Amino acid sequence: MRAPVIPLLRLAVVSLLSAACAPRADLGSDLLWVSTFEVGTFDEWSSQPGGAATSDPSPNAIEISSEQAHRGRYSAKLTIVASSGGAQVNTGLVRRGNLPQSAYYSAWYYVPRTVDVGTFWTIFKIRRRSVVDDPTTEDELFDVDIKSLSSGEMAVHVYDHRVAGDLPLVAAAPVVPVSRWFQIEAYYHNMQDNTGRLTCWLDGSVFLDVEGTPLGPTPWVEWDAVNVGANLSPNPVTLFIDDAAISDTRVTPAGVLD
Amino acid sequence: LRQTIPFALAGNVVAIATAAGSAIAAAPSDCPRVEDVSSELQTLMSAAQSPEQISLAGQAPAIEVTDLGTGFRVTVSGRAREYKDEARDCARRARVAAVFVAVALGPPISSPAPAPPTVVAPVAPPRPRVASPRPTQLELGVGVESALSTPGRSNMIGPALRVAVGTGAVRFVAGMAVLAPGETSVAGVTVRQWHVPVDAGLRVGLRASLLDLSADLTLAAGPLFLRAPDLAAPRSDTVFEWGARAGVTARYQAFGRLAPFASAGAQLVADPAELHTLPGGVIGRAPAVWIGARAGISVGL
């Protein structure tokens, strides 16, 4: 008759312990996709249809690194050498196609040191496709870029390839932190009528809000977290990316991915 | 029939008449004379009682006074008595005859003694029909519940069962309810809740009458089922609540074993669960206070 007693005692102890800690109810997730790089590979990207981790040839590189991590042990380390007078160089993490027409896109970035931006430096991209089923119709659409300020600091801005110019910001020259993780998040409501909307946040503060206008030519969406630039110094330019997510609701800097 | 006895003379006859005046008997007598006997009798009777108090049941008595020469005979309703009086003292004979008649007639010969006054006990107001306490009271009803501590009000409804055992002022009580989903919004996330509170403790009678009042103080526990249906990947979860419950119950005991009841109470949750979503993290807590009401029928077993 000892057998029934032990489970009862165990249940009582567990109940008391669980009572001591606040119980937690997990109600589910609005996250559609997450990459924390804790698997030590780029599988979270490359295993998705249209997903990839790409880089121009060495000395440009993309790799899993434990040098910096927003959470956990690993992040993606993207390195480019974009010397003055040189051509555009690219490294990036790509989610191409099979994305919702309306979603929040978030990634954490770490810039180890201040970079002098000569031509451009892009870290976050939204691309378009004029014909959904025709890859040859892909084109650039919006770039979240970093530019150098006269103060020596760096700030974000958003480049619209349709008009070949910057979109007006709601906050003047949001400064990009150096040697500290910061979050870029965008809400992309890719509509072809006047209900489209693009809103961007830096560390939770909105700096761009374009609404009531058509955006991509089709519902097709590509989102990239990249290190792409031209005429940067000093070289090489290294960028760490971590905790990327696509979500139905805002991730925010306090967002939890797992 | 109440009859009075008037006294009348008819020659030498003492006549006793009914109220209607009919003579009953008559007999001659010189000594004593009828008038003297009547006079003496009236004196005696008036002294003792009014004639109205002398009533006959049925008929008037026959009174005869007969002069026997050396004596006389007095007859009242067949009762006769002879007295010797060789001296023929007529006045004395009249007094003796009157005394005999008076003794024979009164106190009221056959009138019923006045009925003792009917003592009518004061009529007490009808006592309430309080059902004798039954050892088990089963309360079946419908419960409604609302959470106080969430940003949006969440109302739930469902069947409720409660049982009280004992007959004293302090009884054991236990209850359970199954409350259907109610929705609330926590940090913009729609949260659907099912609540199954179970409690057990003591019931204290506050007032025992037709309207029976009692108070419950119990330990409460039970599962709270939660789901956020609008999330991209919703998940159901169950947390175990515990705490205390207090409530009051009113029962109207007018129908024997069955009594409608209504109750109200509040449950305090000791450690409300954190509500967790992705990417929101902890978006809030489960209700810390539930308030509710029950109504239904109480059955005495």
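One salt bridge is found across the interface of chain B and chain A in this predicted model. Asp26(A) forms a salt bridge with Arg235(B), and their closest N and O atoms lie 3.5 Å apart. Polar contacts add to the picture, with 14 residue pairs across the interface of chain B and chain A. Let's walk through the interface, then a sheet built from both chains, and finally a look inside each chain.

**Where the chains meet**

- Chain B brings 25 residues to the contact, and chain A brings 24 residues.
- Together the two chains bury about 1,900 Å² between them, and carbon and sulfur atoms give 57% of that area.
- Three residues are worth finding in the structure: His276(B), Leu278(B) and Pro279(B) supply 38% of the area that chain B buries against chain A, more than any other three residues.

**The side of chain B that touches chain A**

- Across the interface, the 14 residue pairs in polar contact bring us to the strands on the chain B side.
- Strand 12 (211–227), strand 13 (233–234), strand 14 (236–252), strand 16 (274–278) and strand 17 (281–285) of chain B each supply at least two residues of the side that touches chain A.
- The largest share of that side, five residues, comes from strand 16 of chain B.
- By residue type, the side of chain B that touches chain A divides into 14 nonpolar, seven charged and four polar residues.

**A sheet shared by both chains**

- Here is a handy general idea: strands of a sheet pair through backbone hydrogen bonds, either parallel or antiparallel.
- Which strands make up the open sheet of four strands, and in what order? The order is 13(B)-1(A)-16(B)-17(B), and the pairing is mixed.
- Strand 13 and strand 17 of chain B stand at the edges with a single partner strand each, so one side of each is left without a neighbour in the sheet.
- Strand 1 (residues 24–29) of chain A runs antiparallel to strand 13 of chain B, and two bridges join them.
- You can locate this pairing at Gly28(A), whose bridge partner in strand 13 of chain B is Pro234(B).
- With strand 16 of chain B, strand 1 of chain A pairs in the parallel sense over four bridges.
- A place to look for this pairing is Ala25(A), whose bridge partner in strand 16 of chain B is Leu275(B).

**Inside chain A**

- Chain A has two helices and 16 strands.
- Of the 258 residues in chain A, 47% are buried.
- Among contacts in chain A with a separation of 6 or more, 66% are between residues 24 or more positions apart.
- Why is strand 6 (residues 89–96) of chain A largely enclosed by the rest of the structure? Six of the eight residues of strand 6 are buried, so the strand is largely enclosed.
- Strand 6 of chain A pairs with strand 3 (residues 51–55) of chain A in the antiparallel sense over five bridges, and Gly51(A) has Arg95(A) as its bridge partner.
- Strand 6 of chain A also runs antiparallel to strand 15 (residues 222–233) of chain A, joined by eight bridges; here Arg96(A) has Glu222(A) as its bridge partner.

**A buried arginine in chain B**

- Arg93(B) sits in helix 2 (residues 90–105) of chain B.
- Is Arg93(B) buried or exposed? Its relative accessibility is 0%, so Arg93(B) counts as buried.
- Leaving out residues up to four places away in sequence, Arg93(B) touches several residues, including Cys31(B), Asp67(B), Phe72(B) and Asp85(B).

Terms used. Residues are numbered from 1 along each chain as its sequence is written. Chains are lettered from A and ligands numbered from 1 in the order in which they are written. This is a predicted model: local features need pLDDT of at least 70, side-chain atom pairs count only at pLDDT 80 or more; totals for chains, interfaces and linings use all residues. Side-chain values use heavy atoms; hydrogens and water are left out. Buried means under 20% relative accessible area, exposed over 50%, partly exposed in between (1.4 Å probe, protein chains only). Two strands pair if DSSP finds at least two bridges between them. Contact means heavy atoms within 4.5 Å. Buried area is the accessible area (1.4 Å probe) that two parts lose on being put together, summed over both. A salt bridge is a side-chain nitrogen of Lys or Arg within 4 Å of a carboxyl oxygen of Asp or Glu. A polar contact is a pair of N or O atoms within 3.5 Å; within protein, one must be able to donate a hydrogen and the other to accept it, and residues adjacent in sequence count only if both atoms are side-chain atoms. Ala, Val, Leu, Ile, Met, Phe, Trp, Tyr, Cys and Pro count as nonpolar, Asp, Glu, Lys and Arg as charged, and the others, Gly among them, as polar.
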